[in-house]
Amino acid sequence: MRKQGKVYLLGAGPGDPGLLSLKAKKCLESADAVVYDRLADPRILAFARKDAEMIYVGKASANHVMRQPDINKLLVKLAAEGKTVARLKGGDPFVFGRGGEEALELQEAGLPFEFVPGVTSAIAVAEYAGIPVTHRHVATSFAVVTGHEDPAKGASTINWRGLAKAVDTLVFLMGVENIDKISSQLVANGRSASTPAAVIRWGTHPEQRTLVTTLGQAAADVKANNLQPPAIFIVGEVVKLRKQLQWFDNKPLFGKTVVVTRARAQASVLTQKLEALGAKVVEVPAIKIVPAADYAPLDSAIAHLADYRWLVFTSANGVEFFFQRLAKEGKDTRALAAVKVAAIGSATADELRAYGVTADLVPSAYKAEELAEALAGQVAAGDKILIARAKVAREVLPVALRQLGAQVDVCTAYETVSDCDNKEELLAALAQKGTVVTFTSSSTVTNLLQVLGENKEMLKNAVLAAIGPVTAATLQKQGLNVGVEAAEFTIDGLVKAIEEYYKFKE
């Protein structure tokens, strides 16, 4: 028996993926098919199941991939096939989102549906610009108005006279192309041409741009500044409050583009920290972390862990893959009871703590040289040491330990391979002068250069940010200048260094 299909009409919010509701996320995760609009952020779409059918029906002004009647029919078809459908719409489905039209079509077909409200751009975009639609001492009413009426109606049904004088704050959605007409109608119906106004493009996005003007000057200013959709037009005395309430575009990295070359599975931590400072982040994973091709040496070492005096980790990845193999061999942290554990830095030590292990040794500087020096006073000739690390890594540590007379087994816990599925996005980011490119290891350098190939020269227009001196040296060996080098060789240290770089520049 075919299962009952259902359509969830979801509000995706105004753009910032952090504004998606938990309920909408849950619906996306369970959907068989996702039907989405032009403004849906890729990170929101990433919540969908890997096997979900993804259908783009985006509509830009005068450029419709699929017309609304066809979208309605598509939703009916998918639900009639027994599929759970997530219909993802920008903003809120009921605020000029045509969610009502789609639901009526489903209702007529006898198919079930549910609405999941979204944060509307009418309020959120103004809020991100530091403009409250209401304020106790300035505005006690607001109206949300379409700036693009249905052309099939013939004449406008907007009550211009009522809007012009009766409502304190007016928010026009999709109104940039008709801003001349909107402004003229409001002035003609009694609203002062000197009324403060603002046009906000790509609100809640890192590319947000806010133009403060007046009602009478708005059309000319939009044309002079070449402001294009998507944008909202807000009219009212509340616009003046932006001077005191501006917050989003005041962030230290606002307006800056940062390329994150870290492996996709690990990029999110760095991305979140950079976005919290206002940066536009382009994730271009130059590497992918994969299991070792041959685990026989590591498995053999795990079988004889009691023979080792020290177990050394040079990265958080090494910790993760080592404990995966430990579990596969039917062992847990109790197998480390007689072994001392060393970690190259705080991030690696934190990963160990996640497995219930506290490192016995963490050097103050997070480099192989410092780790070797810290171990020197605690390693005796004949001690057996196991290093679980990447297949390709510097030989500084094992060489130094062997010089002390230790027996060192270096076992591959994981490998790094080239991985870039969005090269065009990378090239577009590098085409902008001043784009920051972050490197969190030497392998991200070598692999990104491999991805760029003949386009390597584009990096000379970018600000190259290295997590530490080893990564910086790899860049320099390639003839590239390092603009930012972290003093603390961690993700937090790298973010702090980028922030300080721009403080100095300004």
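Where does Gly-356 lie? Keep that residue in mind; we will come back to it after a look at the whole model.

**The whole chain**

Welcome to the tour. What you have open is a predicted model. Start with everything displayed as a cartoon: the protein has 19 helices and 22 strands. If you show the C-alpha trace alone, its extent along the principal axes is about 90 × 65 × 45 Å. Now colour by accessibility. Of the 506 residues in the protein, 49% are buried. A contact map is worth a glance too: taking contacts between residues at least 6 apart in sequence, 67% link residues at least 24 apart.

**Stop one: Gly-356**

Select Gly-356, and you have the reply to the opening question: this glycine sits in the loop between α13 and α14. Is Gly-356 buried or exposed? Its relative accessible area is 63%, over the 50% cut-off, so Gly-356 counts as exposed. Next, add Asp-332 to the selection and draw a distance between the two C-alpha atoms. Your viewer should show 10.0 Å, for a pair 24 residues apart along the chain.

**Stop two: α12 against α13**

From the loop, step back to one of the helices that flank it. Select α13, residues 346-354, together with α12, residues 316-328. The axes of α12 and α13 lie 8 Å apart and make an angle of about 25°. An angle under 35 degrees counts as roughly parallel, and therefore α12 is roughly parallel to α13. The two helices cross in a right-handed sense.

Which residues of α12 meet α13? Show side chains for Ala-316, Val-319, Glu-320 and Phe-323 on the α12 side. Their partners in α13 are Ala-347, Thr-348, Glu-351 and Leu-352. By character, this contact of α12 with α13 has five nonpolar residues, one polar and two charged.

**Stop three: α14 against α15**

On the other side of the Gly-356 loop comes α14. Select α14 (368-376) with α15 (396-403), a pair whose axes are 9 Å apart at an angle of about 20°. That angle makes α14 roughly parallel to α15. Here, too, the crossing is right-handed.

For the contact itself, display Ala-368, Glu-369, Leu-371, Ala-372 and Leu-375 from α14, and Val-396, Leu-397, Ala-400 and Leu-401 from α15. Eight of the residues in this contact of α14 with α15 are nonpolar, none is polar and one is charged.

**Stop four: Arg-242**

Now jump to Arg-242 in helix α9, which covers residues 242-245. Why does Arg-242 count as buried? Its relative accessible area is 10%, and the cut-off for buried is under 20%, so the arginine qualifies. Look along its side chain for Asp-249: a polar contact of 2.9 Å connects the two side chains. To see the rest of the surroundings, beyond neighbours within four places in sequence, add Ala-129, Gly-130, Ile-131, Thr-210 and Val-212, which are in contact with Arg-242, as is Asp-249.

**Last stop: Asn-461**

Finish at Asn-461, in the loop between α17 (442-452) and β21 (463-466). With a relative accessible area of 47%, Asn-461 is partly exposed. Setting aside neighbours within four places in sequence, its contacts are Lys-433 and Gly-434. For a closing view, draw a line from Asn-461 to Val-145: 316 residues separate them in sequence, and their C-alpha atoms are 44 Å apart in space.

How values were computed
Residues numbered from 1 in each chain as written. Predicted model: local features only at pLDDT ≥ 70, side-chain atom pairs only at ≥ 80, totals over all residues. Heavy atoms only, no water. Helix = DSSP H or I, 4+ residues; strand = E, 2+ residues; numbered from the N terminus. Buried < 20%, exposed > 50% of the residue type's maximum accessible area, 1.4 Å probe, protein only. Polar contact = N/O pair within 3.5 Å; in protein donor to acceptor, adjacent residues only side chain to side chain. Contact = heavy atoms within 4.5 Å. Axes fitted to C-alpha atoms, helices over the stretch in contact; angles between N-to-C directions. Parallel < 35°, antiparallel > 145°, perpendicular 65-115°, else oblique. Left-handed = near helix turned anticlockwise from the far one by under 90°. Nonpolar A, V, L, I, M, F, W, Y, C, P; charged D, E, K, R; others polar.
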